[in-house]
Structure formats: C-alpha cells, structure tokens
Amino acid sequence: MSEFTIDELTIPSALDDQHGADFIRAIEVGNEVEAIGYGTPDLAYEADEELAIFLNPHEPKRMLVARVDGEIVARALYETTVGDDADTAWLATEVLPEFRRRGIGTALAEAVEQISRDEGKTKAVVYAPIAEGPGERIPSPTGFGSIVADRDEVRFLQARGYRLEQIERLSRLALPVPDVDALVAAARERSGPDYRLQFWVGSTPERWRADIAELGTRMSTDAPTAGLEEPEDVWTVERVIEADERAAKMSPRVRHAAAVEHIPSGRLVGYTILSVPKQVHRAVDQYATIVMREHRGHKLGMLLKVGNLAHLARVRPGHPSVMTFNAEENRHMLDVNEAVGFVPVANESAWRKDL
Ligand SMILES: CC(C)(COP(=O)(O)OP(=O)(O)OC[C@H]1O[C@@H](n2cnc3c(N)ncnc32)[C@H](O)[C@@H]1OP(=O)(O)O)[C@@H](O)C(=O)NCCC(=O)NCCS
C-alpha cells in the first residue's frame, strides 16, 4: 500500500495560475465524495464557483490535501467566521472510497482540528451527508430525523469524539412548478395588503442594503441550530456592498432575490435567495430564507418562496430543479416547502466536538 503525504494548498487567485490545477482537482475529489453521501451530483459546485467562495474574506477558508503517488485522493476543509463571536470552525474531511481505512482521514482531521486550536477556536462543527439504506439507525437528539449507523463517516466521527446534534433534510423541487402564478396570487391573498414583493437579480439595490444587512445577521441566529450553537455572523451595509461586488466580479453564479416589503414602514421584513448556475441544465440552489420574528404568522415564507420561483420562471426558465436544506425540526419551513412540491432526497448530519 502506497504511503500518503499531506500538504496545505495555496488558494489560487485565478484558476489558471500555478496553484489552479491542484485546487481544481481538490474540488473534484470533494464533489465525488459528497455525491455518494447525497445520492446525487446536483449539489456539486464547479471550481470557478468554489473559488469565488474561497476568496470571501468574511468566511476564511483553508484546504489541506492528501496525495498518494503525487495524486490528490482526499481533502480537508477549515472554515470560520470573523468577528468577536468567531469561536467555531466548520470542518470536513473527504477521502475517495478506494483510499479509505489507511489513516488518511485521521491524519487530515487531526491537521484541521489542530489548525482550529491554533486559531483559537473552541469548537468544531462538521456537516456530513449520510447515504440512505437499511439497517440500524441513530436518532437525532432534537427528536427529528435519524441516520443510518453503519456508514464510514458515522463511525469515523464517533471514533473522533464528535456528538451528533442535528439532522438536516435535503429536498428537491422539480421545475417548472405547475400553476406557480396561481400559488403567488393565493399567497398574496393570505398575506394581506400590508406586504408586497420586491425582486432583484445580482447586486442588492441601494435602498435595500441596510435592511438586507439586518436580515442577513438575523439569518445566522434565527435558523434552528440545535446544540451546535453556531455564532452570530454580523452583516453591515459595507459587507453587503463588498459581497455584491465580489460576486459580480468573480462568481459565475447569479443570485435571484425576492424580498417582502412591509408597506406601512417601508422596510424589508423577509427575503429569500436562489443561487442560479450559468448552465441551464444544472440545479438551482436555494440559499437563505428568513422572515423577521415580528412579522411571522402572515404566510410570508410561502409568499417569498413561490414569488421567487415565479420570478425565476419568467426571467430564467429551463433549470431542472431547486435544491434546499432545512433542519428536520424546522416544521414551519418544511410545511412551506412540502406545499410547494419539495420532496426529501437525503439526510445531512451535523456534529459537534469541543476542542
Ligand atoms: C470519514 C472518512 C473521512 C474517513 O476516512 P478514512 O481515511 O477511511 O479514515 P481512517 O482510515 O483514518 O479511519 C479512522 C477510523 O475511523 C473509523 N472508521 C472509518 N471508517 C469506518 C468504517 N467503515 N467502519 C468502522 N469504523 C470506521 C475507524 O475507527 C477507523 O480506525 P481503524 O481503521 O483503525 O478502525 C471517509 O470515510 C470519508 O471521506 N467519508 C465521506 C466524507 C464525510 O462525510 N466526511 C465526514 C467526516 S469529516
């Protein structure tokens, strides 16, 4: 059996620079491993899409790889946030199936856990898709959802002292949604005259930047995270502008936003984003959806979701599906998604280890 070596990749500034080829290969390895867990390649991002994400200074990332005979066969990711609350490292270790059970995963995981400690992080969080199948199951401590016990990643994480905290459901919506305009009309009716939809594609219009910064910050605290205790991630107007400029310059993906304006106050009280790849045969990714606590109970979640789907169908038809993640205990959001036609396709498990 060949020996392996581990090194940290230099994140390239462009895919055609000297570090580009290793980065591209590491992304392919990650996609190959994740497609097994999710049971679908629909969530894979291409290297140019990943690079834009890797160069985001607000979510610093590092990537380690393992090589056998010079070829990249595994990778590990370290990601964190910046700011006062940045006590968490999000980690992932991914080994191609034919190179497992020879210590590569352990060596990589130890290395990214050590980086986390060196950077002063007090806990590690790992999100791992767990392929479905028969056999013994482990229930989520939240009481919602379960995963197959006999999986490489489950045994590995348990052996490394991680604790299962939560299960997220990956769901898929086939496009086009039948009668989507009728769904929007019905949602408008139920939300009442105080609310109206706003849409934009790409950068956030200037008049909405402050509201989007507030909603973005709430997104990091208001989505259920069980025992993971993921920190607040503060958005400011400057960060909204910077993120929009970077996306416009670097990312091949385009963000389609729908927001709800509360007409009496002139403020946005909710928004949702679809991240759309440039190739029309690929799935669209659902990003954040949030409604301010003070405005919940007016069916605004439904209004946002169907509104954005109807807008997408008008301005960018032809994509096969939308993929979304929701906490298994997030009944309000799941109710909305199930009513629109999302169906479950996979489980993602969330684990915590105090460092
Ligand atoms: C989890 C993963 C990274 C492990 O990689 P690996 O290179 O096989 O890990 P190691 O060889 O270092 O295994 C370390 C220990 O994990 C446990 N383990 C791993 N796979 C196991 C399996 N199929 N059954 C039982 N225990 C297993 C064992 O305790 C093993 O030690 P041992 O071989 O001495 O018994 C790999 O299976 C993988 O890439 N899975 C998909 C990606 C993923 O979900 N990662 C999430 C974890 S961050």
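This passage describes the domains, the sheet, the helix packing, the ligand surroundings and two backbone features of a predicted model.

The domain assignment of the protein gives two parts, domain 1 (4–169) and domain 2 (176–319). Their C-alpha centres are 27 Å apart. In the contact between them, domain 1 takes part with 18 residues and domain 2 with 17 residues. On the side of domain 1 that touches domain 2, the elements giving two or more residues are helix 2 (47–54) and strand 8 (163–174). Helix 2 provides the largest share of that side, with 3 residues. By class, this side of domain 1 consists of 5 nonpolar, 7 polar and 6 charged residues.

An open sheet is formed by 12 strands, and its pairing is mixed. The strands follow the order 1-2-3-4-5-14-8-13-12-11-10-9. Strand 1 (4–8) and strand 9 (195–201) are the edge strands, each of them pairing on one side only. From one strand to the next, the twist averages 25°. In general, the strands of a sheet pair through backbone hydrogen bonds, and the pairing is either parallel or antiparallel. Strand 5 and strand 14 (residues 343–354) run antiparallel and are joined by 8 bridges. Within this pair, Ala128 has Ser349 of strand 14 as its bridge partner.

One helix is placed against the end of the sheet order that includes strand 9. Helix 8 (residues 300–315) lies across strand 9, strand 10 (254–262), strand 11 (267–276) and strand 12 (284–291). The angle between helix 8 and strand 10 is about 140°.

Two further helices pack against each other. Helix 6 (residues 209–222) and helix 7 (residues 237–250) have axes 8 Å apart and meet at an angle of about 95°. Angles of 65 to 115 degrees count as roughly perpendicular, so helix 6 is roughly perpendicular to helix 7. On the helix 6 side, the residues in the contact are Arg209, Ala210, Ile212 and Ala213. Helix 7 meets them with Val237, Arg239, Val240 and Ile241. By class, this contact has 6 nonpolar and 2 charged residues, and no polar ones.

The ligand is surrounded by 21 residues, of which Arg100, Gly105, Thr106, Asp152 and Arg155 come nearest. Several elements each supply at least two residues of this shell: helix 1 (20–38), strand 4 (88–95), helix 3 (104–118), strand 5 (123–130) and helix 4 (152–159). Helix 4 gives the most, with 6 residues. Strand 5, which contributes to the shell, is also the strand joined to strand 14 in the sheet. By class, the shell is made up of 9 nonpolar, 5 polar and 7 charged residues.

Two features of the backbone remain to be described. Most residues other than glycine have a negative phi, and most peptide bonds are trans. Arg101 is not a glycine, yet its phi is positive, at about 60°. Arg101 is located in the loop between strand 4 and helix 3, and both of these elements supply residues to the shell around the ligand. The second feature is a cis peptide bond between Leu175 and Pro176, with omega about -5°. Pro176 is found in the loop that connects strand 8 to helix 5 (180–191). In the domain assignment, domain 2 (176–319) begins at residue 176.

Notes. Residues are numbered from 1 along each chain as its sequence is written. This is a predicted model: local features need pLDDT of at least 70, side-chain atom pairs count only at pLDDT 80 or more; totals for chains, interfaces and linings use all residues. A residue is near a molecule or strand if its C-beta atom, placed from the backbone, lies within 6 Å of it. Helices (H or I, at least four residues) and strands (E, at least two) are DSSP runs, numbered from the N terminus. Ala, Val, Leu, Ile, Met, Phe, Trp, Tyr, Cys and Pro count as nonpolar, Asp, Glu, Lys and Arg as charged, and the others, Gly among them, as polar. Two strands pair if DSSP finds at least two bridges between them. Axes are lines fitted to C-alpha atoms, for helices over the stretch in contact, and angles run from 0 to 180 degrees between N-to-C directions. Two residues are in contact if their C-beta atoms, placed from the backbone, lie within 7 Å. Domain bounds come from an automatic or database domain assignment. Angles under 35 degrees count as roughly parallel, over 145 as roughly antiparallel, 65 to 115 as roughly perpendicular and the rest as oblique.
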